[in-house]
Amino acid sequence: MRNYSIIRVAIPLAVILSFTVHAQKLMGVVVEKNANGVDEPLAGANIIWMGSSVGTTSGSNGVFMIDRVEGTSKLVVSYVGYKSDTLTITNQTRIKVTLVSDEYLQEVTVVGWRPSSGIDHARGINTVIMTEKELFKAACCNLSESFETNPSVDVAFTDAITGTRQIQMLGLSGPNTMISIENMPGVRGLASSQGIQFIPGSWINSIQVTKGVGSVINGYESIAGQINVEMKKPEESERLYINGYVNNAARSELNINYTAHTSEKWATTFLLHGSTRPFEMDSNDDSFLDFPTGSQLNAVNRWVYNNNKGLLGQLGVKVLTDTKQGGQTDFNPEQDKLTTNRYGFEINTLRYEAWGKLGYQFTGKPHKSIGLQLSAVRHEHDSYYGFNEHRADEKSVYANLIYQSIIGTTNHKFKTGISFLYDDFQESLINSILPINYNGSFQNTLSFDRTEVVPGIFAEYNYDNFGKFSAIVGARVDYHNLFGTLFTPRVHFKYNATETTSLRLSVGRGIRVANILTENTGMLVSSRQIVFADLQGNKAYGFRPDQAWNFGINIAQDFTLDYRSGAITVDYFFTDFENQAVLDLDNTAREARFFGLNGKSFSHSFQFQVDYELMRRFDLRMAYRWLNVQTDYTEGRLVRPLIPEHRAFVNLAYETKNKWKFDYTVQWMGRQRIPDTSQNIPAYQLPSYSPDYFLMNAQITKDFKDKWSVYLGVENLNNFTLDNPIVAADLPFSQYFDTAMVWGPIFGRMFYAGFRYRLK
Amino acid sequence: MKTNIIILFLLIGSVAVFAQSKAKVVTATIKVYGNCGMCKERIEAALDYKGIKTAKWDAKTKNLMVVYSPAKITEQKIHELVAAVGHDTDKVKAKDTIYADLPFCCLYRDHDHEGMDDN
């Protein structure tokens, strides 16, 4: 103990001594006052003792250090464009010098870009934000692959040959979740089949996942949840960002983001993506490619405008072309298309988008603003699968005007506005061999051309006492030209029981017009006859819009254990459909039967999640999710097929001090009900339930300084695949052929590597 | 069921990891000077060090709460680690040369104003 106290005295003494030795130095910081009267550093200012040659310049933080010189006490501080300052230094050791800008030059002072505070996300709604750090845990490749570590979102293949993935929330198929891009219509309409693969991962800045009903501001469509994607923005992006990726099947991707601040008020970002799957690969020898060959070119150019006086604007355009070809190996479209030579398919997509946002922040009233969102989309989809030809063309225009302000104090906020949606579809389904059964009449060609025009009004009131309680109450009324008045009320409550405990409730209705063919393309990749039955009218596909109530409860508890923090989240959601266009695969294995719900259709979802920091820089996430999704079919109430009732995962993320990152995820998927195949000959019958299985992914990332990072990973580490993902792969033109009975991975262990380069 | 058991094992395994790190530790509160969130990051990253279990710095109170194992590290060493990245503590002062490299928003020392202005 004695030694200890000696050190205690000795060290401060040494510090004081060393300090007096350095007292001959003068330290200073050079600043200017910005428009708001706040000090900002001036880098590169010249500092010199008058009448001597001893000088220095200020660093990027405005700080300089200069030795005292005998015989002079006058310090000259100068900077181009600013009035020089001469100071008399007596016994100071630290000074601050404020330079004043030369009046003539003041006007050309470049003001830096600051992130826009345009749309704030309603805090009362339970939203999980996934940042780049989270997204980098799985480096590949687009939005469909971003949810590996998010227990609320499942991603599944629609069939065994097109490589199309769809998300599921609360056990409900993809389009029940509204996917918006920067709070504007994103993945909907014809894009709902392939669309999540058209958003490259390196374009994404963050993803906000809301379970249950969202805000009414963005429309009536979210039933199971809302996923909002924020893309890279000019005002906060690196100057240059390059990402390259390749895997052992030669899937290759290149992404280039480039940002330029072209003037004081304008800035622009280019987002470019090119990807290809050049080679045919059939690892399970069933004569079908494991995934299609093809390529995608995808480009965005976006601009932001900020006059620094409250007016903010955005403009953007996007062009996308995507081709996919697959089926049996050596399928050659020129000879084999629409023949029984070989089974094949092609999906060709062309998409153009343009959007704009205009916002005005009332001067001196930070809570009062008005915003206009506009977007226009043209989407062309041209595809065939065997003898099923599906062609569709969508032209869509969307406008949303939002006014927000407060009532008296900021305890009471509101948003209100009007919206308009125009959606025109030219869509046809052709099968020259097996006619489509439309309400009992058999037709080789069916067209579903329609034009939807939907004006709407909405209002949302937000109460927040900035303590324990907040509430959001909203409603919207839309008039749909085909389906009449749609009323969508939604409420959210949040109660902070303690500083570490919060409780949230949400109740609301969601409505959407299902794009039945686009959302179920897996059915087209089979010999099933397409049947439309129990029609509810003659509009669109013959069904009224899907409509459901959603109830949710969420409890989040932060805790500290062994000095490390963690969180436990438990939630339960119940979705009850008032109407639904249902796909029935169980009636007979020969049909894919769409019918209007006449009975119950519901989903229960329960989720439990623990996040904890096991050690410094070593994070653990464990989650378990239970689903019970059932629908009344003509043959009785059945569990929805191909949805795992149980899913659990453990994600471990470790980062070393010198920026090596290790990620490991193991998932367990419970058994899934497989639609009834008992009518098939024994060789093509499937069990009633799939087995449960594990999936493992791992990745290593190394960051070098702040410019480069490289990563190496493996998907499906334990190499689990379906033995026979395709029913009757050997007889693709028989009545038994079916690729949609997929409940797990089709390709095995896959290695990948890539890099990221960023220039600030 | 077999797989459920495996999951259960994973969970138990994780709990075991929680439990094993119950070494003898002490908690100390140290005054550390700084301003902002960047300072907080820097200070806490500097204390990502063997023997230190956790370190949390509060920009308002300037209090650093540090939990460490005295068998592995001394409190003096903790002061030195903080000073080495440019932040003064109530015992150890950071070197001027290191302090001068801090970002502008982190310049926490008082800078006497101007001196005498000759203009």
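1. A residue counts as buried here if 20 or more other C-beta atoms lie within 10 Å of its own, with C-beta atoms placed from the backbone. By that criterion, buried residues make up 42% of the 760 residues in chain A, and the reader should keep in mind that this is a predicted model.

2. As to overall content and dimensions, chain A has six helices and 45 strands. Its radius of gyration is 30 Å, close to the 27 Å that the globule rule gives for 760 residues, so chain A is as compact as a globular protein of that length. The C-alpha trace of chain A extends over about 105 × 60 × 55 Å along its principal axes.

3. Turning to contacts within chain A, if one takes those between residues at least 6 apart in sequence, 62% of them join residues at least 24 apart.

4. One sheet of chain A deserves a separate comment: it is open, is built from five strands in the order E9-E15-E16-E13-E14, and has mixed pairing. Strand E9 (127–131) and strand E14 (184–187) of chain A stand at its edges with a single partner strand each, and therefore one side of each has no neighbour in the sheet. On average, and with direction ignored, neighbouring strands of this sheet are turned by 30 degrees against each other.

5. At the E9 edge, the partner is strand E15 (residues 204–211) of chain A, to which E9(A) is joined by five bridges, the two strands running antiparallel. Within this pairing, Ile129(A) stands opposite Gln208(A) in E15(A). As general background, strands of a sheet pair through backbone hydrogen bonds, either parallel or antiparallel.

How values were computed:
Residues numbered from 1 in each chain as written. Chains lettered and ligands numbered in written order. Predicted model: local features only at pLDDT ≥ 70, side-chain atom pairs only at ≥ 80, totals over all residues. Pairing = 2+ DSSP bridges. Helix = DSSP H or I, 4+ residues; strand = E, 2+ residues; numbered from the N terminus. Axes fitted to C-alpha atoms, helices over the stretch in contact; angles between N-to-C directions. Rg over C-alpha atoms; globule rule 2.2 N^0.38 Å. Buried ≥ 20, exposed ≤ 12 C-beta atoms within 10 Å, placed from the backbone. Contact = placed C-beta atoms within 7 Å.
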